[in-house]
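User: Please walk me through the strands of this protein.

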Amino acid sequence: MANEQIFPEKFLDSLSGVPGFEREKFTNVHKYSETPTSVRVNPLKKPVIKTDSAVPWCADGFYLPARPSFTFDPLFHAGCYYVQEASSMFMDHIFKHIREGTGKSIQVLDLCAAPGGKSTLISSAISPNDLLVANELIKTRVPVLYDSLNRWGRANTIVSNNDPKDFGRLSGFFDVILVDAPCSGSGMFRKDPGAVKEWSEANVSLCQQRQQRILADVYPALKEDGYLIYSTCSYSQAENEDILDWLCGEFNLETMQMPVHTAWGVVETISPTKQAWGYRFYPDKLKGEGLFAACLQKNETARAVNPAKRENVKLPAKELDLVQGYLKDAVDFHYFKANGVWMAIQREHQSSLELLQKYLYLKKSGTRIGQVIGHDLVPEHELALSIHLNKDAILQTPLGLEQAIQYLRRDPLDLNSPQKGWSMMTFENHALGWAKVLHNRVNNYYPKEMRILRAQALVG
């Protein structure tokens, strides 16, 4: 027996009549089955995943036969994959459907982005000409979001730490806004049985009010004809279909129906008043946890925010030449400095970046390259993990599994490498970070705050 949890009667009664809810099957799957383990691979790093079990609604998603120790897998730290609950990967299906047949570049906001699962998913789905802004309101959750996107390795990404109301100043700026809203969390009861005790009707009502505030605050930032993707990990109608009715009543939004295969087990619903389409995930019907998702299109004009005045900052030419040598397609990037660190973002995003700097508190803007000290570049960790790194310009040191774990723990390394200087440590041809190889020692520059702290009983 996997889990002997007992749901509050009020919780089960609240789901009576909700589309797709079958009380006995629902309770049994929570009692007698385990949460499946799934990962989504980084398509531009292409690791080998040893499984034939694919997540049906996401081409990059896979189920694993057992849950390994991800902490001690160097490929996880290299950003080769993200450990993500399978139902959440449905955002990939929605995103690709609304992008079908449109060739224009877009600007996307992931409003409640930490820890970064949906942001890395969007990052994989968009092109370099598109821009992703991943925002997190809670300051203490920003670092994990920042690290997730750094590992994913793309420069067309900005991380912000702002309240939803701050985005109201960016009128008509975003083509797509994803709001994975804070919720009562009932969809995660199998994964986190302790959360059952925290459920209450009062909390559902509080969450509904919070969701309405968040959506109302961010709505002005959506362009005309732009898409609002709304999701929760709650089964509650009050936080799902009722929110769709509220949205369609308060704003000029048109519901979007997604193509869904019957074999997937996803339950298609229609909201009671405004007949808005929604999609429910139940663990007794598919291989995943509880989720609700919907997509709406804005049908009213939105006055675009005035662009920021472009600043022409003269950069030191010799330093710029040195820095550009570290990136592939270097002429495609806009370069700038922040606190002495060279940074880069695609040229087409320069004006957007300067506008966002005016209105938001940015924690990440493109890719941090490094500092020029003397005649050398002291590289940033982000640069090692970047898909834009020019690997022909650097030294590389391949590590075995045991050496890679030592490196990730920031333990001393004995490499006996004939090549001296800054070297990128790699595992199975994937970058882990930097070390400086000297004549008598190796200085490990893996970030201290990211190092593996737990001991491993056995490597291999």
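The questions below cover two groups of strands.

Analyst: This is a predicted model, where local features need pLDDT of at least 70, side-chain atom pairs count only at pLDDT 80 or more, and totals for chains, interfaces and linings use all residues. Residues are numbered from 1 along each chain as its sequence is written, and side-chain values use heavy atoms, without hydrogens and water.

User: How many residues of strand S1 (residues 37-41) are buried?
Analyst: Strands are DSSP E runs of at least two residues, numbered from the N terminus. Buried means under 20% relative accessible area, with a 1.4 Å probe and protein chains only. One side of S1 carries Thr 37, Val 39 and Val 41, the other Ser 38 and Arg 40, and both faces are covered. The buried count is five of five.

User: In S3, which residue is the bridge partner of Arg 40?
Analyst: Two strands pair if DSSP finds at least two bridges between them. S1 and strand S3 (residues 81-83) have three, in the antiparallel sense. The partner of Arg 40 is Tyr 82.

User: Which residue in S2 stands opposite Thr 37?
Analyst: S1 also pairs with strand S2 (residues 61-64), antiparallel over four bridges. Opposite Thr 37 stands Leu 64.

User: Which strands stand at the edges of the open sheet S18-S19-S20-S21?
Analyst: Four strands form this sheet, with mixed pairing. Two of them have a single partner strand each, so one side of each lacks a neighbour in the sheet. They are S18 (395-398) and S21 (442-444).

User: In S21, what is the bridge partner of Lys 436?
Analyst: Strand S20 (residues 430-437) and S21 run antiparallel, joined by three bridges. Lys 436 is matched with Asn 443.

Technical notes. Buried < 20%, exposed > 50% of the residue type's maximum accessible area, 1.4 Å probe, protein only.
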